[in-house]
Amino acid sequence: MPTSRVIPANEYRRERWRNQLGWTRQIATGGRDDQDWDWRLSIAEIERDAPFSPFPGIERELVLLRGQGLRLCFEDGEQVTLHPPHDRLRFSGARRVRGELLDGPTHDFNLMWRPEALQAELLLRPLVGPMLFFADAHTHWAIHLIGGQARFDAASGLPPLWSGDSALLYGAPGRTRYALEGGGELIAVKFTARDAVEPGQ
């Protein structure tokens, strides 16, 4: 079982998109290695209109973090516009899509996962008091603090979160409770192993 940890924003790894037309800051991946992952979290830095890299076999969800908006133009003719503060869209990574900026650069939270390996649920929540997260052998969480500051309960042994930081929460070995308290806004991603998902979910 991986170890729970906080990832400061200044430790994200900045790299080129697969198609070389933009930049992304990789937060974390889960799986065997960085190239053969089951899930991936990153922040795309979109500075100009450009097609996205295709990811066949991958599901993805995009959340606008910063900027005046992003229009997603799919090859089949569908268009979806993400407006501030934090519009979002879930779509197949196999779909061909072009991002068009509405008024200047944007930063976009990018969740990707392999649906045959796990189920992912993205929650966008204000942090106005304590929040509880439970992790076990089949379920773990990724937290990204969009803004504000927060701290985990002392039992977790984790350092505080500052704006832009992320945390990965695992259960070891049984069910583990994490309490997070502070003020601001966060993205919480719940990952559940596919073999633990009830039929029909």
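I count a residue as buried when its relative accessible area is under 20%. I am working from a predicted model.

**Entry 1: N110**

I looked up N110 with that cut-off in hand. N110 has a relative accessible area of 5%, so I log it as buried. The residue sits in strand β11, which covers residues 106–113. Which residues does N110 contact, once its neighbours within four places in sequence are left aside? I found R40, L41, S42, R60, E61 and L62. Two of these names, R40 and E61, come back below under salt bridges.

**Entry 2: the whole chain**

Next I stepped back to the full protein chain. How many helices and how many strands does the chain have? I noted zero helices and 17 strands. The radius of gyration is 17 Å, close to the 17 Å that the globule rule gives for 201 residues, so the chain is as compact as a globular protein of that length. Along the principal axes, the C-alpha atoms fill a box of roughly 50 × 35 × 30 Å.

I then checked burial over the chain. Of the 201 residues, 48% count as buried. The exposed surface comes to about 9,900 Å², and carbon and sulfur atoms supply 48% of that area.

I also looked at contact range. I took the contacts with a separation of 6 or more, and 69% of them are between residues 24 or more positions apart.

**Entry 3: charges**

I counted 24 positive and 27 negative side chains. The centres of the two sets lie 2 Å apart. Side chains of opposite charge can pair when their charged atoms come close. I therefore searched for salt bridges, and the structure holds 10 of them. I followed up several.

**Entry 4: R25 and E45**

The side chains of R25 and E45 form a salt bridge, at 2.9 Å from N to O. R25 belongs to strand β3 (residues 23–31) and E45 to strand β4 (residues 37–46), so this pair ties together parts that are 20 residues apart in sequence. Are these two residues buried or exposed? R25 is buried, and E45 is buried too.

**Entry 5: R88 and E61**

R88 and E61 also meet through their side chains in a salt bridge, with N to O at 2.9 Å. R88 is in strand β9 and E61 is in strand β6 (residues 59–66), so the pair ties together parts that are 27 residues apart in sequence. I checked each partner for exposure. R88 has a relative accessible area of 36%, so I call it partly exposed. E61 has 4%, so it goes down as buried. I had already listed E61 among the contacts of N110.

**Entry 6: R95 and D76**

I moved on to R95 and D76, whose side chains meet in a salt bridge at 2.8 Å, N to O. Where in the chain do R95 and D76 lie? R95 is in the loop between β9 and β10 (97–101), and D76 is in the loop between β7 (70–74) and β8, so the bridge ties together parts that are 19 residues apart in sequence. R95 is at 26% relative accessibility and counts as partly exposed. D76 is at 57% and counts as exposed.

**Entry 7: a salt-bridge network**

I found R13, E15 and R40 linked in a network of salt bridges. R40 is also one of the residues that N110 contacts.

**Entry 8: Y178**

I looked up Y178 in strand β17, which spans residues 176–193. Its relative accessible area is 5%, so I record Y178 as buried. Leaving out residues up to four places away in sequence, I see Y178 touching S4, M131, L132, F133, A135, F152, D153, S156, L158, L169 and Y170. I took one of these, D153, for a distance check. Y178 and D153 are 25 residues apart in sequence, and their C-alpha atoms are 7.0 Å apart in space.

**Entry 9: A154**

A154 is in the loop between β14 (139–152) and β15 (161–162). Is A154 buried or exposed? Its relative accessibility is 77%, so I enter it as exposed. I also took the distance from A154 to T139, 15 residues away along the chain. Their C-alpha atoms are separated by 22 Å.

**Entry 10: a cis bond**

Last, I checked the backbone. Most peptide bonds are trans. Which two residues does a cis peptide bond join? The pair is P84 and P85, with omega at about 10 degrees. P85 lies in the loop between β8 (79–82) and β9 (88–92).

Key. Residues are numbered from 1 along each chain as its sequence is written. This is a predicted model: local features need pLDDT of at least 70, side-chain atom pairs count only at pLDDT 80 or more; totals for chains, interfaces and linings use all residues. Side-chain values use heavy atoms; hydrogens and water are left out. Helices (H or I, at least four residues) and strands (E, at least two) are DSSP runs, numbered from the N terminus. Buried means under 20% relative accessible area, exposed over 50%, partly exposed in between (1.4 Å probe, protein chains only). The radius of gyration is taken over C-alpha atoms; the globule rule is 2.2 Å times the number of residues to the power 0.38. Contact means heavy atoms within 4.5 Å. Accessible areas come from the Shrake-Rupley method with a 1.4 Å probe; for residues, only the protein chains shown count as cover. Lys and Arg count as positive and Asp and Glu as negative; His and the chain ends are not counted. The place of a charge is taken as NZ of Lys, CZ of Arg, CG of Asp or CD of Glu. A salt bridge is a side-chain nitrogen of Lys or Arg within 4 Å of a carboxyl oxygen of Asp or Glu.
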